[in-house]
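Welcome! Take a moment to look at the model below, and then we can walk through its parts together.

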Amino acid sequence: MSDLVKLTVEGREVEVPKGTMVLEAAKLAGILVPHYCYHPSLPVAGVCRMCLVEIEKQPKLAASCATPVAEGMVVKVQTAPAREARQAVLEFLLINHPLDCPICDQAGECELQDYVFQEGRSATRYDEYAKRFNPVEEFGDDVLYVPNRCILCTRCVRFMEHVADEAVLNVSERGDRAYIGIDEGHRLNHPWAGNVVDLCPVGSLISKDFLHKARAWDLDKTPSVCTGCTQGCNVTLETRDNTVLRVRPRTNERINRHFICDEGRLGYPWMNRADRLEAPMVRQDGRLVATDWERAFAAAARLAGGGSARGAVALVSPCASNEALAAVAALLTRLGGTGAFRVREGAEAPLAGIPNLALRKERAPNVHGALAAGMSRDWAGVAGRAAGAGLVIALDESLEGVALGSAGVLYLGTVLSDPARAHAAVVLPCCNAAEEEGSFTNRDGVVQAYWQAKAAPGMARPAAWVLSEIAERAPAGATA
Amino acid sequence: MGYPHPPHPKETPVLSKHFGEADARTYDGWVRRGGYKALEQALGMTREQVVDAVKASGLRGRGGAGFPTGLKWSFMPKEVTKPHYLCCNADESEPGTFKDREIMRWTPHALIEGCAIAAYAIGAEVTYIYIRGEFTDPWRVMETALAEAYAKGVVGPNAMGKGKRIDMHLHRGAGAYICGEETAMMNSIEGKRGNPRIKPPFPAQSGLFGCPTTINNVETLAAVPHILVNGADWYKTMCLGNPKSTGTKLLSVCGTIARPGNYELTLGFPLKDLLYDLAGGPLPGRRFKAVIPGGSSVPILTAEEADSTVLDYEGCVAAGTMLGSGGVIVMDDSCDMVYQTMRLAAFYAHESCAQCTQCREGTAWTTKILQRILAGQGQARDLDLLLDLADQMTGKTICVLSDSCAAPVVSAIRKFRPEFERYLTTGRQTA
């Protein structure tokens, strides 16, 4: 393994591939060198000078983000000169920083706060001078720029130039008058522009959607998978008081690196819908009447048994979990029937700088899971048979535009659609993706788990569980 | 010097020999003065022979750093797999320096010839001459001369009829000091913001447009033809001090002195003689107080220190400063050192490219402290604070702009501390 290099960081030996920067090697040794401008998915700028470390036999402190490793290198992070240099950088960064942490969205997850707390001076020597002031600017539909908080790390500029390939941001002016500028006549509305808010190490670029909504430390964070398209970007759902307040990317080197698109980022409000189905309902005398799960399951089992003679049709959502889809597939096998799904489409929006990363045309997370479960893309063909079928199972599918005739409709969903209100014999309330554990299969066949971020409303239960309960009660050997 | 007054007998006019002769600006006039012989000679040699000749001459970079020119050229790859580029640094933005301006104004063909030889030696087909935006007159002269050089076939697809392509472009700066830093200049030529780049990679590996590039100062390149025509040994013998500093250097003298101007001296010349003899000494009734020998970025010398300083790379280092670009800024006893220091710091604060934290914030903070001291509102701890900031601004950034701001501040406080303390104890001074 000649392309590995051995070095020592703070006394810990570590072996890394040739060409690795010292900062990354230190991470592997378990040591985080404080830094601002460096980001693993952006080209190295080496401008914040925060990551200065001492390297034996080198006369000057080295910027660890821009120094490649060498065999036998001895790196020291916590020596007096290195610590003093970083302390000086922090003091320099703070002289024009407003210290408005109490009203800043970034407070609590601010790298400036963190590192100043960790190794900064306790008081400034920059007294009696006015701080630099520039007014807040609206960069795009969701992004605000607060120049006073800016530390000019240029992560946003580099993201737009090298990753998004739409270089609308720049550093304007020079010296301590410098600020992040936006090209005249342009807006920061690239479909992936919201990432600059995550990239910003301080509260300078902030999301209007999240503005003053919550303090960072009050948020619960749950790993999840974006439901926006077939890409399957890893995200974190951030909740407070049983409400999703923010969606942020979760690092996955293979799928989405450190990024998500704005549609995925801002598309979460449906998870917080208030008009949810909260109790199972069974049709009695033409009206849907709320009931308990036992009675609802019995009704559903009767429906399944009765309809099996004429065959079943399942109309499913490509947003359902693999587990729910598998349960539907199992029911269909027993009852004899076919399933299909339809998927909403939109314009594809690639992120130019990252291979194989785009907001995909098919705007549902589990198209490939549905296909794997044997569901057909032939929506028109399968839905056309619904009127003649004995049983129609709707899984999180509104049934809008489907001719239902006299079929018995078993509706599993999060909200009650109009066709379901008119036709469904049994309505079962289910969790949405933020309320259950499950998995999606992305367009490359990667199966990814997501976790429950909030409680489901009322009696709503995960669809996979509901379907397995029905299967248990449905008459055995009801196969046609 | 040659212009506006005749050369002093102690000068060694090589580059400045034809300053003031309008005729020397034309192609014919230049050829009559022996021009383009060196280029013809160079194109008859191999690349290596040219590099070796420059190496043997001991010529060192005249832009400030004093790096051996031949050695720099030898860093360029031997095999030309990607285009090679030569950049001529004619940005001359160092305060106190105005030598390249005169070379371009009076002997534009000397620069074109030097560039062509250097381009050949490093295997470059394209040369960019990056001229400071404020240099309107030199720009016009260079434009005319280059057009003439193309018309005469000196440069172009078949330079001197020897079958070599040597193209030259003039590129005009837009007024940023930092674009005189070689990597910032490359960014500027590429059409980007003139920010210095991180080294490594060094320009000889990955420079302009990601290709191997050499950057040389105007004065350096203008000296090359003389070395080829007269021989490396001739050049090497022009040395009064340390044998590592050879040849002549243009010193731009300015400030409170009787005869400011450019003086061409053999390296190793005593600074004292330059100040008192060639440049005529202090103004009537005045005494010298301080001298900055190499442009505003180098440490300040007291008049006493200047008296014993030898003008070559090693001599200046021995005196605790640097030869730099050779911009000699003289201050007499009428100068307020606190004000002068503030003025320098303000320049760097204005010109910082804003990349590195220490430089962006440190230069501005330094200026604010000095302004407060000048306003009579300084505090006792301000001087130590200035020194501490200067320490944190030195050797920690991508380029040396912040070091350049710190060096004069530190030396001024060390050497003229009583002047600073007078402001701190008695408040604002009235003239």
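## A word on strands and pairing

Before we start, one term will help: two strands count as paired if DSSP finds at least two bridges between them. Please keep in mind that this is a predicted model.

A good place to see pairing is a hairpin in chain A. Strand β8 (residues 169-172) of chain A and strand β9 (residues 179-182) of chain A run antiparallel and are joined by 4 bridges. One of the residues to look for is S172(A), whose bridge partner in β9(A) is Y179(A). Between the strands of this hairpin there are 6 residues, and E173(A) takes a positive phi near 65°.

## The domains of chain A

How is chain A divided into domains? The assignment gives domain 1 (4-90), domain 2 (126-218) and domain 3 (281-473).

Let us look at domain 2 and domain 3 of chain A. Taken over C-alpha atoms, their centres are separated by 42 Å. Domain 2 of chain A brings 6 residues to the contact, and domain 3 of chain A brings 6 residues as well. On the side of domain 2 of chain A that touches domain 3 of chain A, the residues divide into 4 nonpolar, 1 polar and 1 charged.

## Two open sheets in chain A

Chain A has an open sheet of 7 strands with mixed pairing, and its order is β15-β14-β22-β21-β20-β16-β17. At the edges stand β15 (287-290) and β17 (337-341) of chain A; each has a single partner strand, so one side of each is left without a neighbour in the sheet. From one strand to the next, the twist averages 20°. Within this part of chain A, strand β16 (residues 312-316) runs parallel to β17(A), and 5 bridges join the two. If you follow β16(A) to V316(A), you will find F341(A) of β17(A) standing opposite.

Another open sheet of chain A is formed by 3 strands in the order β11-β12-β13, with antiparallel pairing. Here β11 (220-225) and β13 (243-249) of chain A are the edge strands, each with a single partner strand, so one side of each has no neighbour in the sheet. The twist in this sheet averages 30° from one strand to the next. Between β11(A) and strand β12 (residues 234-240) of chain A, which run antiparallel, there are 6 bridges. D220(A) has T239(A) as its bridge partner in β12(A).

## A helix pair in chain A

Now for some helices. The axes of α2(A) and helix α3 (residues 111-119) of chain A come within 10 Å and cross at roughly 135°. An angle from 115 to 145 degrees counts as oblique, and α2(A) and α3(A) are therefore oblique to each other. The crossing in which α2(A) passes α3(A) is left-handed.

Which residues make this contact? From α2(A) come R83(A), R86(A), Q87(A), L90(A), L93(A) and L94(A), while α3(A) supplies L112(A), Y115(A), V116(A) and E119(A). By class, the residues of the contact of α2(A) with α3(A) are 6 nonpolar, 1 polar and 3 charged.

## Where the chains meet

How many residues does each chain bring to the contact between chain A and chain B? Chain A gives 24 residues and chain B gives 25 residues. Helix α2 (residues 80-95) of chain A, which you have just met, gives the most to the side of chain A that touches chain B, with 6 residues. That side of chain A has 16 nonpolar, 3 polar and 5 charged residues.

## Inside chain B

Chain B is assigned domain 1 (22-237), domain 2 (248-332) and domain 3 (337-426). The centres of domain 1 of chain B and domain 2 of chain B, taken over C-alpha atoms, are 27 Å apart. In the contact between them, 13 residues of domain 1 of chain B meet 17 residues of domain 2 of chain B. On the side of domain 1 of chain B that touches domain 2 of chain B, there are 2 nonpolar, 5 polar and 6 charged residues.

Chain B also offers a helix pair to explore. Helix α6 (residues 108-122) of chain B and helix α9 (residues 218-230) of chain B have axes that come within 7 Å and cross at roughly 80°. These helices, α6(B) and α9(B), are therefore roughly perpendicular to each other. Among the residues in contact are L111(B) and I117(B) of α6(B), and L221(B) and P225(B) of α9(B). The residues of this contact of α6(B) with α9(B) divide into 11 nonpolar, 1 polar and 1 charged.

Definitions and conventions
Residues numbered from 1 in each chain as written. Chains lettered and ligands numbered in written order. Predicted model: local features only at pLDDT ≥ 70, side-chain atom pairs only at ≥ 80, totals over all residues. Contact = placed C-beta atoms within 7 Å. Nonpolar A, V, L, I, M, F, W, Y, C, P; charged D, E, K, R; others polar. Axes fitted to C-alpha atoms, helices over the stretch in contact; angles between N-to-C directions. Parallel < 35°, antiparallel > 145°, perpendicular 65-115°, else oblique. Left-handed = near helix turned anticlockwise from the far one by under 90°. Domains from an automatic or database assignment.
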